[in-house]
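Me: I would like to go through the reasoning behind the labels given to this model, setting each value against its cut-off. Please take the structure below as the starting point.

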Amino acid sequence: MDHDAQQQRPAGRLMGLDFGEARIGVALTDELATVAMPLLTIERRNRRADMDRIRELVAEHQVVGLVVGVPHQLDGSTDSQAERALNFARRLERRLAGV
């Protein structure tokens with residue numbers, strides 16, 4: 001992250017999400033957003049339950065930003081799993097607006 005981007009981001013924790021078909025891995029940074037550690041794994045049930053759980057975690061840990069991992073092939077291309085992760089990120093952005 002460049003210096004300008006760091007100054008524009010509010011201070012606080014970031015949450016990283018590793019979206020998968022069966023699970024969502026969740027990691028959380030320290031309050032300075034310098035180091036991330038695994039937090040937990042969400043066993044996927046359905047879209048609504050998954051979003052509700054993430055919303056709860058965002059509130060509980062006072063998260064100021066989310067990072068959703070998008071897988072890439074070694075040559076830099078993406079596949080259907082990357083598209084699913086991007087769609088998940090878009091839905092999450094809409095669901096968490098105003099939190």
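**Reasoning from values to labels**

Reply: The structure, which is a predicted model, holds one aromatic pair.

Me: Why is this aromatic pair called stacked?

Reply: The two rings belong to Phe-19 and Phe-88, and their centres are 4.5 Å apart, which is inside the limit of 6.5 Å for a pair. Their planes meet at 20°, and because planes under 30 degrees apart count as stacked, the pair of Phe-19 and Phe-88 is stacked.

Me: What makes this pair a tie between parts that are apart in sequence?

Reply: Phe-19 lies in strand β1 whereas Phe-88 lies in helix α3, so the pair ties together parts that are 69 residues apart in sequence.

Me: How do you know whether Phe-19 and Phe-88 are buried or exposed?

Reply: The cut-off for buried is under 20% relative accessible area. Phe-19 has 9% relative accessibility and therefore counts as buried, and Phe-88, with a relative accessible area of 2%, is buried as well.

Me: Which residues touch the most other members of the largest nonpolar core, and which elements build that core?

Reply: The core has 17 residues, and those touching the most other members are Met-15, Leu-17, Ile-24, Val-26, Ile-54, Phe-88 and Leu-92. Two or more residues each come from β1 (13-19), β2 (23-29), α2 (47-60), β4 (63-68) and α3 (80-95), and the most, four residues, are given by α2. For Leu-92, once residues up to four places away in sequence are set aside, the residues touched are Leu-17, Met-51, Ile-54, Leu-66 and Val-68.

Me: What makes up the lining of the largest pocket, by class and by element?

Reply: The largest pocket has a volume of about 240 Å³, and its lining consists of ten nonpolar residues, one polar and one charged. Among the lining residues are Val-58, Gly-65, Leu-92, Glu-93 and Val-99. Since Glu counts as charged and Gly as polar, the charged place in the lining belongs to Glu-93 and the polar place to Gly-65. Both β4 and α3 supply at least two residues, and β4 has the largest share, with five residues.

Me: Why is Gly-65 called buried, and what does Gly-65 touch?

Reply: Gly-65 is found in strand β4 and has 18% relative accessibility, so with the cut-off at under 20% it counts as buried. Leaving out residues up to four places away in sequence, Gly-65 touches Arg-13, Leu-14 and Met-15. The C-alpha atoms of Gly-65 and Gly-12 are separated by 8.2 Å, although the two are 53 residues apart along the chain.

Me: How do you know that Asp-18 is exposed, and which residues does Asp-18 touch?

Reply: Asp-18 lies in strand β1, and its relative accessible area of 52% is over the 50% needed, so Asp-18 is exposed. Not counting residues up to four places away in sequence, Asp-18 touches Arg-23, Ile-24 and Gly-25. Between Asp-18 and Pro-71, which are 53 residues apart in sequence, the C-alpha to C-alpha distance is 9.2 Å.

Me: What makes the phi values of Ala-33 and Gln-62 worth a remark?

Reply: Most residues other than glycine have a negative phi. Ala-33, however, has a positive phi near 60°, and Gln-62, also not a glycine, has a positive phi of about 55°. Ala-33 is found in the loop between β2 and β3 (36-43), while Gln-62 is in the loop between α2 and β4.

Me: Why is Ala-33 called partly exposed and Gln-62 exposed?

Reply: Partly exposed covers the range between the 20% and 50% limits, and Ala-33, with a relative accessible area of 23%, therefore belongs there. Gln-62 has 63%, and because exposed means over 50%, Gln-62 is exposed.

Me: How do you know that Val-70 is partly exposed, and which residues is Val-70 in contact with?

Reply: Val-70, in the loop between β4 and α3, has 26% relative accessibility, so it counts as partly exposed. Leaving aside neighbours within four places in sequence, Val-70 is in contact with Ala-82, Ala-85 and Leu-86.

Notes. Residues are numbered from 1 along each chain as its sequence is written. This is a predicted model: local features need pLDDT of at least 70, side-chain atom pairs count only at pLDDT 80 or more; totals for chains, interfaces and linings use all residues. Side-chain values use heavy atoms; hydrogens and water are left out. A nonpolar core is a set of buried Ala, Val, Leu, Ile, Met, Phe, Trp, Tyr and Cys residues joined through side-chain atoms within 4.5 Å. Buried means under 20% relative accessible area, exposed over 50%, partly exposed in between (1.4 Å probe, protein chains only). Contact means heavy atoms within 4.5 Å. On a 1 Å grid over the protein atoms alone, a cavity is a set of points where a 1.4 Å probe fits but cannot get out, and a pocket is an open set with protein on both sides within 12 Å along at least five of seven lines; lining residues have an atom within 4 Å of a point. Grid points are joined across faces, edges and corners, and a volume is the space filled by probe spheres set on the points. Rings of Phe, Tyr and Trp (its six-membered ring) pair if their centres lie within 6.5 Å; planes under 30 degrees apart count as stacked, over 60 as edge-to-face and the rest as tilted.
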